[in-house]
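Reader: I have a structure to go through with you. Please justify each label as we go.

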Amino acid sequence: PIQTEEIMPDPPQTAISIGTFELSQILRQYFPEGSLHLGDADYKLMSLEDAQRFVAWYTPQVKESEYTPDNRDCENFAFEMTGKALRWSNWEYVWIYTWSQSDEGKYIFPNHGFCGVLAENRIVYFCDPLRVAAPKGKLIPAYPVKSYVTLVF
């Protein structure tokens, strides 16, 4: 098949930088357990508005009907969103993939892969293309989860 160039929203414009040490300290507050992998030495933090704009743009593309256990499940959807987010942000901004579970509050789920972003206000927000850990098309402030692995791209 012929691939066409995808029209994405304008990329983030903020220039606030964060180093790995400070980033890991912030993320450990949200993901105190499990492994934390930071792929780069320096990152940029996007505005909450830019992150929400991306999530709102991306959400209509998600076809939840394609979900199948194991073959096309939560981590596949989350990694697909991560790939688009990284391309959109030129691989410079903090984007989070986590494999976690939640036992309390509004969002209760067993092991689940979903996404997040650390915004320039230094608050983590969750988003989930399958709307298990967050409402469809929205970023919400992070809540307590038991993290098994958290990858930061």
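Author: What follows sets computed values against the rules behind the labels. The model is predicted.

Reader: What makes up the secondary structure of the chain?

Author: Three helices and eight strands. Along the sequence they run β-α-β-β-α-α-β-β-β-β-β.

Reader: Why is the chain called as compact as a globular protein of its length?

Author: Its radius of gyration is 15 Å. The globule rule gives 15 Å for 153 residues. The two are close, so the label holds. The C-alpha atoms fill a box of roughly 45 × 35 × 25 Å along the principal axes.

Reader: How many of the contacts join residues at least 24 apart?

Author: Among contacts between residues at least 6 apart in sequence, 65% do. Buried residues make up 46% of the 153 residues.

Reader: Why is the pair Glu-6 and Lys-84 called a salt bridge?

Author: The cut-off is 4 Å between a Lys or Arg side-chain nitrogen and a carboxyl oxygen of Asp or Glu. Here N to O is 2.8 Å, which is within 4 Å, so the pair qualifies. The pair links distant parts of the chain. Glu-6 sits in the segment before β1 (16–19), and Lys-84 in helix α3 (residues 74–88), 78 residues apart. Glu-6, Lys-84 and Arg-87 are linked in a network of salt bridges.

Reader: Is Glu-6 buried, exposed or partly exposed, and what makes it so?

Author: Partly exposed, at 24% relative accessibility. Buried means under 20% and exposed over 50%, so 24% falls in between.

Reader: What separates Asp-50 and Arg-53 in helix α2?

Author: About one helical turn, because they are three residues apart in helix α2 (residues 48–58). Their side chains meet in a salt bridge at 2.6 Å, N to O.

Reader: How do you know whether Asp-50 is buried or exposed?

Author: Its relative accessible area is 11%. That is under 20%, so Asp-50 is buried. Arg-53 has 32% relative accessibility, so it counts as partly exposed.

Reader: Which residue forms a salt bridge with Arg-131?

Author: Glu-64, with the closest N and O atoms 3.0 Å apart. This pair also links distant parts of the chain. Arg-131 lies in the loop between β6 (124–127) and β7 (140–141), and Glu-64 in the loop between α2 and α3. They are 67 residues apart.

Reader: What makes Arg-131 and Glu-64 partly exposed?

Author: Arg-131 has 48% relative accessibility, and Glu-64 has 23%. Partly exposed lies between under 20% and over 50%, so both residues count as such.

Reader: How many salt bridges does the rule give?

Author: Nine.

How values were computed: Residues numbered from 1 in each chain as written. Predicted model: local features only at pLDDT ≥ 70, side-chain atom pairs only at ≥ 80, totals over all residues. Heavy atoms only, no water. Helix = DSSP H or I, 4+ residues; strand = E, 2+ residues; numbered from the N terminus. Rg over C-alpha atoms; globule rule 2.2 N^0.38 Å. Buried < 20%, exposed > 50% of the residue type's maximum accessible area, 1.4 Å probe, protein only. Contact = heavy atoms within 4.5 Å.
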